[in-house]
Structures are given as C-alpha cells and as structure tokens.
Amino acid sequence: MIFMGFAFLYTFLKRYGYSGTSFNFLLGAIAVQWAILARGLIFAIIPHGVFGPFPLDISSLVVADFNAATVLISFGAVIGKCSPLQLIVMLLLELVFANVNEYLGIELLQVADIGGSMFIHAFGAYFGMAVSRVLFRESQTKSDKLANSYTNDLFSLAGTVFLWCFWPSFNGVLATDQGRMFAIINTYFSLAACVVVTVAISSLVDKHGKLEMVYIQNATLAGGVVVGTTANMPIQPWLAMLLGSLAGLISTIGYRYLSPSLEKKLKLHDPAGVNNLHGMPGILGGLGGVLVAFITSFSLVVLDIFPAMAPVDNSTLLQEIHSNFTGVVAGMGRTGAEQGGYQLAALVLTLVLAIVGGIVTGFVMRLPVLDPPEPDMMYNDADYWHMPDEEDELIKPSV
Amino acid sequence: MIFMGFAFLYTFLKRYGYSGTSFNFLLGAIAVQWAILARGLIFAIIPHGVFGPFPLDISSLVVADFNAATVLISFGAVIGKCSPLQLIVMLLLELVFANVNEYLGIELLQVADIGGSMFIHAFGAYFGMAVSRVLFRESQTKSDKLANSYTNDLFSLAGTVFLWCFWPSFNGVLATDQGRMFAIINTYFSLAACVVVTVAISSLVDKHGKLEMVYIQNATLAGGVVVGTTANMPIQPWLAMLLGSLAGLISTIGYRYLSPSLEKKLKLHDPAGVNNLHGMPGILGGLGGVLVAFITSFSLVVLDIFPAMAPVDNSTLLQEIHSNFTGVVAGMGRTGAEQGGYQLAALVLTLVLAIVGGIVTGFVMRLPVLDPPEPDMMYNDADYWHMPDEEDELIKPSV
Amino acid sequence: MIFMGFAFLYTFLKRYGYSGTSFNFLLGAIAVQWAILARGLIFAIIPHGVFGPFPLDISSLVVADFNAATVLISFGAVIGKCSPLQLIVMLLLELVFANVNEYLGIELLQVADIGGSMFIHAFGAYFGMAVSRVLFRESQTKSDKLANSYTNDLFSLAGTVFLWCFWPSFNGVLATDQGRMFAIINTYFSLAACVVVTVAISSLVDKHGKLEMVYIQNATLAGGVVVGTTANMPIQPWLAMLLGSLAGLISTIGYRYLSPSLEKKLKLHDPAGVNNLHGMPGILGGLGGVLVAFITSFSLVVLDIFPAMAPVDNSTLLQEIHSNFTGVVAGMGRTGAEQGGYQLAALVLTLVLAIVGGIVTGFVMRLPVLDPPEPDMMYNDADYWHMPDEEDELIKPSV
C-alpha cells in the first residue's frame, strides 16, 4: 500500500509523472529485497556470528515495506535530479545505514518507535537532504520543468488521500492487541486535526487568503508522521490531536517560509519538501516519545511499550509480578526518566547517522560512472522514456 | 475508504477538481471529529444526564466515518455553490440533526438500518437538497463551468469503481457473524445487478443509443444504497438483485428525466444528482426494510436483526428460550407487522428531519458573514486556489 | 479489487478511456453473476444430477471474481475492436468453456492451481487470442487511435501498481493456513524480482537505452502470474524470485519482439499484450507446477497441496497415518512423478480448450446482429458515449 500512495504522491512534477511513479515502483521493489538481506545480516547474522539462513514471516515483509518507505522519503529530496543508477546506489547504501541505526536503537538503546517517526521518517528525510546538499548545483533550482500541473496535482492528491486512509493501519500493523487499537485511534485523531490546521494555516499565510495545493498534498499527512513514536501508547485523544495540529502547523509554515530560505542560504534543495512532511514532524514525534516516556511511571501496562522498564532479573519486584503473571520478561529496571533519556539518545543518533550517511552516500553518487543527468534533462521524462508524442513505431501499445 | 471514493467521485466538474477533492477531504476530517463529540453528547451524555468522558473504540471511528458520509452526500447537492465557511457551518448543524434522527430511530423506535439506507443516504440527500433549495439562485444553473471533462470523468469513474468495490464491506462492517456474511453477499449481488440495469437503461433512454458517463459514474452505485437496510437480513439473492435492478432503474431515470424537471419546476438544483443516487434508492431501501420486517415471523434468527421482536421480560416464551439459550435479551414482543410499522415511522421521521433541518441550515448559511461565492466564481477552483498556470513564485512545488 | 486494477490498466488507449474502464466494469458485473450460475450448473448440478438450489458463501464470490478476471484478460486481446454486445456474448460462452476446463482439471485430473496460472491466466489469454484471430481485419492494426497518451498512461500505471500491491492477496485468498503465508511470501518475492528484471531488460532492448511505458505497465505483473500454480507450495524464496525474473524476461521480450511478429505473420493482433502478460507467464507457471510436483515425495505436508497424493482407501499407509492424524482423507496414492504428469495434462487441456473455445466463440461473435463496430469507429469512445466536448444539453452533470 505504501507503494501505491508514494507512487502517486510523486507525480506532482508536470514533466516527470512517468519517472516519479515508475522509479518509485522500481526503488520500492529493489528496496524490499535488499532490506530483507540487509536486515538479516545486521539483525540476525552479524551480532550472533551465525552464518546461515534466517527465518522469514509476514512481519519480515512488513518491515521490508517500512524500509522501502525510508528510501522513498529520501527519493523525494532528490526527485528529478538523479539517474536511476544513482538512485539504486543511494538505496543500497541507505538501507545499510538505516538498519544499523535501527539495530542500535531497538536492540542496544531499547527504545520504542512503533510507527517510525524517528527510524523511518526523520532518518529518511535527513538522509535525503544530506544527499541533496552534496549533489547541489545551482541549475537544479532553475528548471522551468520544476512545476506542477492541474492533472498531475490531482494524481498527487490521490496519493495523499490514499496514504491518509491507510496511515492508521501503518502505525498499527506492528503493534499488538490493545496497542493496535490505540495506534489506530491516535493516528486517526492526529490526522483529522492535522488536515483542519493545515487548511487554516494555508489560508492564513497567503496574502489573498487562497489555498496552495502543495501544502494540502503534503502537510495534511504530517499528522500521521508525528504520532509514529507514540501511536501505541495510551495517550488521550486530545494529546494526539495536539500533536497532529502542531505537525500541520510546522509543516505548512515549513513549506511556506523555511524551504525557500534553506534553499537560498544553505543550498538545501528539497523539491518534495521532505523536511516539512517527514523531517520536522518526525523529530517532533520523537520528542513526543521522550516526553511520554519521561512522565510514565512503572506499571504492568507499560511493559508492552517500554520493555526495558521491566524489573531486572531476580529482583524482588519481578518475583512478586511473576507470582501473578508468568509471562513478564525481565528488563533493565529503567525509570520513566531514564527511558526518556534513551529515547532522546536514539533520536540524536538517528539524526547523526542520517546526515553522516547521507553525506557519504552523496559523494559516492557523484561518481561520473553513475550517469548523472545533464542540467537541461532534469525533471524530464524524455531523458529516460519513449514519450507518446514522439514519432516512433514503439509507441503503439501492441508492440 | 469512504474519503477516497467520495474524493474522486467529486472531481467531475472540469474547473473544480482541486476544490471538489480537497473540500471533501477537509469536510471529512472535521466531520469525524465533530461526529464523535456530537454522538457522545446525543447518545451517551444527554439521555443519561451523566456529564463526563465517554468510551471510544474502533466502532466509534466507523460510525464517525458513516457520519462523514452523510455530510459528503449533502455536499454533492451544493458542490461548487458554497464557500468553505458555509460548508463547515452546514456540517456542524447537519450532524446534530442527523444524530438526533439516528438516536430517535435506533434507541426509541428500535429499527434496523445496518448500512444506513435511511439514516445516511436518504437523510444526507434530502438535507442537502433542502439546503440547495434555500440557497437557490438562477445563476447557479447557468455557469459554463458546470460541465465535466474527459480527464476529470476518468478520475470520477475511479471513485465509482473504488466505492463499488468497498461497498460490501461498508454494509457489512457493523454487522456480526452470519449477518456480516449476508451483508457482503446481498450487497455484491445488488451492485452487480445494478450495473447491468444502469448500462441497459442508459442506452435505451438516449435517442442515439449512446451511453452517458454521468449515469455510469453514479447510478451503478445505487445498488449499494438500496440494500443498506436489508443487507444483513437473510433475504435471497434474487431479492437483492431485484432491489439492485430497481435502484439502477429509478436512479438512471432520475438523472435523465427527473433532475432537469426538479430544477426547472421546483428550483431544486442538484449538480451531483444526490437525489438519484442516494435519495430515491435510500427511500426504496427503507421501504424494503419495512416489507422484510412485515413478512418476518418470530424466530431466534431474527433477534439479531430486530431485537425489539424478542419477547418481553418475564414472559413464558422468554423463559422457555432461556432454558436453551442464555444470551437472549428481553425485547418488546413486537410482531413482524408492528416492526414494519416502526420501520416506516423511522423512514418518515428521517425525511421530515432531513428537510426541516436542511431548511433551517440553509437560512443560516445565507448569512453574508459566511462569504458566499460571487455568481461568476462558482464551480471555479481559481476563487480558492493558487492555480498552476498563474505566474507566481508559490507555484514551484519546493516552496 | 480485481475490477479496480483492470479498470485502470485498460485506460491506456488515448481515445478509449471511457470505454476501456466502463466496459471492463460492465463485463465484470455480468461475469460474477453468470459465473455463479454457470459454476453452480457445472460443478454442483450436472455432475450429481440433482436439480435445485446450491449453496453460496464468501468463497463463491471470490471464485466468481476470479472468473471475471479470466474474461477481463480475454477482453485485453479484443479491446477497442468489439461492440458491447459482442463482448457480452464472448463472456457468456467463455465462462462455460472456462468452468468446464476447471471442472475437468480440479475434479477429474485433481491438479493444483491455487492462483490460476493455468485456469485463469493461460486460459483467458489464449481464449482471447483465438477470438482476436477469428475477428482479424487488416484495418484493426492501422488505426491512428491505437496509441497511448501521457495522462492515460498514468491512469494505466495506477492500475498496474494497484494490481501489484494486491496480487499477494489474490494468490493467497483461497489457500489455507500455512499455504496462505507461503502464497503471500512467494508472490511478493516473485513480483519484486520481476519489476527489477523488467526495467533492466526494457532498457537493454532499446537502441537508446530508454524505457518503454507499456512494458513497465504490464511485464512487471508477470511475476504474479507465474507463481499462480506454485504460490502455496513450500518453495524457497530464490525459486520464487527465479520464476519472477524469468517471467519478467519473457514478458518484456514478448512485448518487444514477439507481438509485432505474431501480428505480421499470424494475424494475431493483441493490443494489450495479453500473450506476454498472461499467456506465456501462465504457461511457465503451469510448468513450474509440473516441476515442483515431479520432485515432490510423499509427506504429510504435501497433502494440503496435492490431495491426490494421499494413500488410497484401506491401504496400510493410510491406516498408519490415521492412527496419528484422524483428519486425513483418502486420495489416489499418486507418486510425485504421476502428479507431475497430471499437472502437465491439465496445462495441455487448458490450452486446447481455450483455443478451440475461442475459435468457436469468435465465429459466433462475427454475427452481424451483434453490431460489430465500423473500421473507423474502432478504439474510439465517441461511438458509444456522449463526449464532454460535444454541444449537447446531456453533458451537464446535473441532467
């Protein structure tokens, strides 16, 4: 489903609909295969030193889809500016960095991030931005093809509505039992609040009070990103709505004021605005997780969410719990404040690895052998596709 | 899913694709939030006099989605003729009327309407028509922008096929066990029969035998509306197909002959034809419920569908049943004919409340403070949106 | 869901978007109704000589959807060249042939084909090709409307991505327990590998290294077709990926070289390329089933997949098994090699019945009473539809 939504969200460039959709499809298909290999190596084989086959189940496929989402987010920062070969190289390197980051976060720091505010959205956005910065050339921001069109905007909006409808399922799919119900309800409220705030702010920031399609296509989804970390936690609907509203606010403001200024001052060119949709809301979502952990005190309910808060092995508390509930696994006896600190550490680590990984990857992508597009061929399907209006016998669908 | 389908069904106006889709999205997002509050007040708080928090679960979200559908149906009757502010006022008032109606129907009259032929479709359609009548101005019917285009029609047809595919799930989602299986099978057959009849009638009523896209986009869905009341009842496939065929027939005839005549004679202007798609098939569906109740005699099977037909408390019959099945709850001891009468009463009440509520709401919406659009700005995205062909720095997607 | 995907896949012709989508919708709706009747007659009534009602459940609806898919595949071979009446006649005859074939394959030959590589894809493709051959006229290949356009290609690609996302569910829906998990994982890997190979081959076979949208829209799906027979079998991911890669290879090569040559030499005109997407990958999938059966030796695990390999009634082996597992049903005691032989026989029978059935049906469809389109009206919506640019009062959506 992720494929479907992103495929259409990325049709927005008026002469890049074929490529936006198809390269998205190609990258997604390679990413799920490489993700399964890379994750098997990083999670199952290298840490345990056991070389051999690793098991697969439906949740492996879901995790591979989430890995593909990370790559497709980064694609938004470089859309139209890279050749397919460059994109494949980016994908191959990015998923190594992303899975090392997730391994450190989940296995060593033992943090919670059920819907991936940090590991998917923030990582994907800042990795892509770092790559975009390394590849920056002045000509990238000046193309007359860097514009949208009416029909392409409708396709893109189809992608938005599609992602919006399925987001509660994304955030809930890896949660269990009650956590899944919370994930669906929290994401639903956050997304609903975010749409309202986005439309209101879009109208307020314009001098004629008119709406801007780009904001509606993107900032409305920030509400799904922002509850990625806290989705399965028993927060109240008002907190979910507050997070969604804040996400809509910073995302819209980001599109309106921050992106043009980043482009001018820092040469950070971000055609799909991934910093606004995934980056800042992802950081906000990660901070939300820090806050929720910080104010959480130990109870049986939180063990499902923060297993590291379970009492340590052989402790009196654990023995007491075991006399009533046999299933509880020993943890690290963290307090809420400690868990909050680890959540914050994971967020910082994510940003550092994303930016460093993106810079390294960007320099690799500049190798001439990867066939980077000429300046006048950017954002242009005609560089890679037989176009329907060309006079060519290949055009007939039957051939 | 409702959002996705309606969003694209409402792209049909050639210069109103941005607004049709986006206002639909905005209204849906506000509606689900307001529906949860309004329903909490009307169902949980006011009748019991208990002020305080009310519980939420996944079925609350489903019901809120259904409430959003009611509003989006009414939107079809005023599409292109109202400002966003007017639409939001309509939404806020409509959901109060709709939930009072549903409370009276379900809690007091104890009627069955699992897929909402009455409470969603008929209510939404006649509420919207009443609003449209109050807002009527001659200029609304004369705009050259009140027309479709090839690409927009394809988007709209995507919405149709999407709604068609998911309709069996809509009608089944709130049913349980065997009722859900019936709902899926009955809706499937009704929809399939409806498509065939719609295409046949479309061709017959045209003087050249040509097909009309508007009928195919809309009347094909009437088969889902018409089994909304009876979906979970153990009716035979032939009855579902008969209902679907009748719905396709009256809906197509409605688009061809009735709508132009209502517009001329009664000043009822209905750009999306909600009377044909939701109104008349909704009434027919409600009458189908009356008929099925009328011919039903008491058995254990019907208790799931018409709980008011269960024997009254302390009756001999109930004690006899309890000796075998402990789970049966006491009811009101209604006969089938009595239940049919109550179903009819609920249908009439729905129509009265929809029309009265719509008229009241329409007068509120005429307040000048709500910024109604100028006649030449109707059905026109340019009144509310930055358009891609405008020369404006905001157009670039990165900004 | 099948409807949604095919509806958009078949928008690719630039002047046939209305018809491609709507006739697809109409055929699908008739097909599910006729499939339920025809299957009831062929599977439940005629063999047992019992005339009377037959039971329906959700899996009947799924099977009817699969029957609709068979018809819609054949539609791809004659798209734009037949009147609606001709298409309906094709549908009615095709589903009789298809269900006789499936009855012989499943009930008599007792072969496995969970996702329909043989019974759906190969049958539908070669039936449609045979019809297309009988209806061949030189003018069909020369129309200037037999071409795609940018917007229609994007719609069509939406159909591709949609089908791609749902294919694992198609192949898994009729499998049970562990077989369903295998079906989802195998289909997922096959599809992912197929996309990569398709893009690579598309670029290699072009003299400028450019991509061709037609290949991406179609050949990427061959990976779903090719594992239709073996989906629920415990094959390793590498075999699924190998099958998917081979399917992508032959499908792309087919579009590039085989279709033009079939058209010139054998007058086999195939506008949607069903031979490449469904025909050859379907045969390959059937052969994959032969191979897997051939190398399978008896174990309890295979009984779910090849029930005919269970020991015969009253055999010592069966009694031994029954002492541990009571649920095992007696079979025909086939060896793996024998089962492989029967799988091959079913594949050959499918091809024979498809081609013979298609030829017979093609001759029936040539009857002038079925109103075949004039040569200059082929691939043209204007023959059947009121078009938005016509000056006609019917065009206004409210009428």
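Let's start with how the copies meet: only 7% of the interface residues of chain B are also interface residues in chain A, so the copies meet through different surfaces. Contact here means heavy atoms within 4.5 Å.

A word on what we are looking at: this is a predicted model, where local features need pLDDT of at least 70, side-chain atom pairs count only at pLDDT 80 or more, and totals for chains, interfaces and linings use all residues. Residues are numbered from 1 along each chain as its sequence is written, chains are lettered from A and ligands numbered from 1 in the order in which they are written, and side-chain values use heavy atoms, leaving out hydrogens and water.

Now, how are chains B and A related? A turn of 120° with a shift of 0.0 Å along the axis lays chain B on chain A with an RMSD of 0.1 Å (a least-squares superposition on the C-alpha atoms of residues with pLDDT of at least 70 in both copies). That is the relation of a three-fold axis. Within chain B, B:Thr151 comes closest to the rotation axis, its C-alpha lying at 4.5 Å.

On to the interfaces. Between chains B and A, 44 residues of B touch 49 residues of A. The buried area there is about 4,000 Å², with carbon and sulfur atoms giving 73%; buried area is the accessible area, with a 1.4 Å probe, that two parts lose on being put together, summed over both. And how many salt bridges join chain B and chain A? The count is 0, where a salt bridge is a side-chain nitrogen of Lys or Arg within 4 Å of a carboxyl oxygen of Asp or Glu.

Turning to chain C, 49 residues of chain B are in contact with 43 of chain C. B:Tyr150, B:Leu154 and B:Tyr188 supply 18% of the area that chain B buries against chain C, more than any other three residues.

Finally, a look inside chain A. Helices H7 (residues 177–204) and H10 (residues 237–266) of chain A pack at about 35°, their axes 7 Å apart. Helices are DSSP runs of H or I, at least four residues, numbered from the N terminus; axes are lines fitted to C-alpha atoms over the stretch in contact, and angles run from 0 to 180 degrees between N-to-C directions. Among the contact residues are A:Phe189 and A:Val197 of H7(A), along with A:Leu243 and A:Gly248 of H10(A). The contact residues of this pair divide into 11 nonpolar, 8 polar and no charged, with Ala, Val, Leu, Ile, Met, Phe, Trp, Tyr, Cys and Pro counted as nonpolar, Asp, Glu, Lys and Arg as charged, and the others, Gly among them, as polar.

Key. Helices (H or I, at least four residues) and strands (E, at least two) are DSSP runs, numbered from the N terminus.
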